[in-house]
Amino acid sequence: MTDRPLQPEEGGDPPCWRHLLEEPPVPMTDATLSRLVRELADAVVVCDPAGTIAFWNTAATRIFGWAEDEAVGQSLDIIVPERLRARHWDGYRRVMATGETKYGDHLLEVPALHRDGHTISIAFTVTLLHDGIDSAVRAIAAIIRDDTERWRQLRELQQTVTELENERTART
Ligand code: HEM
């Protein structure tokens, strides 16, 4: 017997991690990253400084109901409920002018409009895109998650707590 690991030609099993050394890692080309952005489960919506939609991935279609070719070229108003538009556009224009946002790493949680008119809950952060020539913002990307189910569960839980509190008050 020998302490040294047996070589494959001697009947030894290659270490299970050998393939990690032999196969190159998935190459992170622009094409791979572009597919990732198109296919990931969260919506990615990119707009120009005026608020016109320039990019809309497949999850955005699933969440908001608009197909890519219907959404691109439209104003963000197609998904912003009317009562929130003034606040949204005030903040939007300020961020385009200053280049600073508080929602780069904090979630903005708001109701949004689905194509068929019903309201959903969304949560998102935004990323400002510069072209490197100057500090001007060229575009803004929102990474959006459908939060409707979580809000439904929260409301259900709050309802249960209220009912339990009412029962306890009635007993005392
Ligand atoms: C879909 C429905 C949306 C609704 C209801 C909505 C609503 C709002 C509201 C209420 C604010 C004010 C937040 C505050 O004062 O703290 C806001 C700000 C803003 N929204 Fe929207 N928004 C929506 C989508 C988007 C999208 C898709 C983008 C970007 C592509 C975007 C970009 C911004 C920006 C940049 C601000 C300013 C953030 C800041 O003050 O740092 N919004 N929006």
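The questions and answers below go through a predicted model, beginning with its strands and ending with its helices and a few single residues.

Me: In which sense do E1 and E5 pair, and over how many bridges?
Reply: Strand E1 covers residues 43-47 and strand E5 covers residues 137-146. Within this pairing Val46 stands opposite Ala141 in E5, and Cys47 has Ile140 of E5 as its bridge partner. The two strands run in the antiparallel sense, and the number of bridges between E1 and E5 is 5.

Me: Which residue is the bridge partner of Cys47 in E2?
Reply: E1 also pairs with E2, in the antiparallel sense and over 3 bridges. The hairpin of E1 and E2 has 5 residues between the strands, and in this hairpin Gly51 takes a positive phi near 95°. On the E2 side, the bridge partner of Cys47 is Ile53.

Me: Is E1 largely enclosed or largely in the open, and how many of its residues are buried?
Reply: A residue counts as buried if 20 or more other C-beta atoms lie within 10 Å of its own C-beta atom. Strand E1 is largely enclosed by the rest of the structure, because the number of its 5 residues that pass as buried is 4.

Me: Which residues have the most contacts inside the largest nonpolar core?
Reply: The elements that give two or more residues to this core are the strands E1, E2, E3, E4 and E5, together with helix H3. Ala43, leaving aside its neighbours within four places in sequence, is in contact with Asn57, Ala59, Ala60, Ile63 and Ile144. The core has 22 residues, and those with the most contacts inside it are Ala43, Val45, Ala60 and Ile144.

Me: In the hairpin of E3 and E4, which glycine takes a positive phi?
Reply: E3 and E4 run antiparallel and are joined by 6 bridges, and one of the residues involved is Val110, whose bridge partner in E4 is Ile122. The hairpin has 5 residues between the strands, and the residue there with a positive phi, near 100°, is Gly117.

Me: Over how many bridges do E4 and E5 pair?
Reply: The hairpin of E4 and E5 has 6 residues between the strands, and Gly132 in this hairpin takes a positive phi near 85°. Leu128 has Ile140 as its bridge partner in E5, and Ile140 is also the partner in E5 of Cys47. The pairing of E4 with E5 is antiparallel, and its number of bridges is 9.

Me: Which element gives the largest share of the shell around the ligand?
Reply: The ligand is surrounded by 22 residues, of which the closest are His88, Gly91, Thr101, Ala112 and Ala142. The elements that give two or more residues to this shell are E1, H5, E3, E4 and E5. By kind, the shell divides into 17 nonpolar, 3 polar and 2 charged residues. The largest share, 5 residues, comes from H5.

Me: How far apart are the end C-alpha atoms of helix H5?
Reply: Helix H5 takes in residues 85-98, and just after H5 comes Gly99, with a positive phi of about 75°. At 1.5 Å a residue its 14 residues should span 20 Å, which agrees with the distance between its end C-alpha atoms, 20 Å.

Me: Is Ala97 buried or exposed?
Reply: Ala97 lies in helix H5, and its C-alpha is 24 Å from that of Pro81, although the two are 16 residues apart in sequence. A residue counts as exposed if 12 or fewer other C-beta atoms lie within 10 Å. Because Ala97 has 11 other C-beta atoms within 10 Å, it is exposed.

Me: How many residues of H6 are buried?
Reply: Helix H6, residues 148-171, has 24 residues and reaches 35 Å from its first C-alpha to its last, close to the 34 Å expected at 1.5 Å a residue. H6 lies largely in the open, because the number of its residues that are buried is 0.

Me: How far apart in space are Gln74 and Thr52, C-alpha to C-alpha?
Reply: Gln74 lies in the loop between helix H4 and H5, and it is partly exposed, because 15 other C-beta atoms lie within 10 Å. In sequence Gln74 and Thr52 are 22 residues apart, whereas in space their C-alpha atoms are separated by 5.6 Å.

Technical notes: Residues are numbered from 1 along each chain as its sequence is written. This is a predicted model: local features need pLDDT of at least 70, side-chain atom pairs count only at pLDDT 80 or more; totals for chains, interfaces and linings use all residues. A nonpolar core is a set of buried Ala, Val, Leu, Ile, Met, Phe, Trp, Tyr and Cys residues joined through C-beta atoms within 7 Å. Two residues are in contact if their C-beta atoms, placed from the backbone, lie within 7 Å. Two strands pair if DSSP finds at least two bridges between them. The expected span of a helix is 1.5 Å times one less than its number of residues. A residue is near a molecule or strand if its C-beta atom, placed from the backbone, lies within 6 Å of it. Ala, Val, Leu, Ile, Met, Phe, Trp, Tyr, Cys and Pro count as nonpolar, Asp, Glu, Lys and Arg as charged, and the others, Gly among them, as polar.
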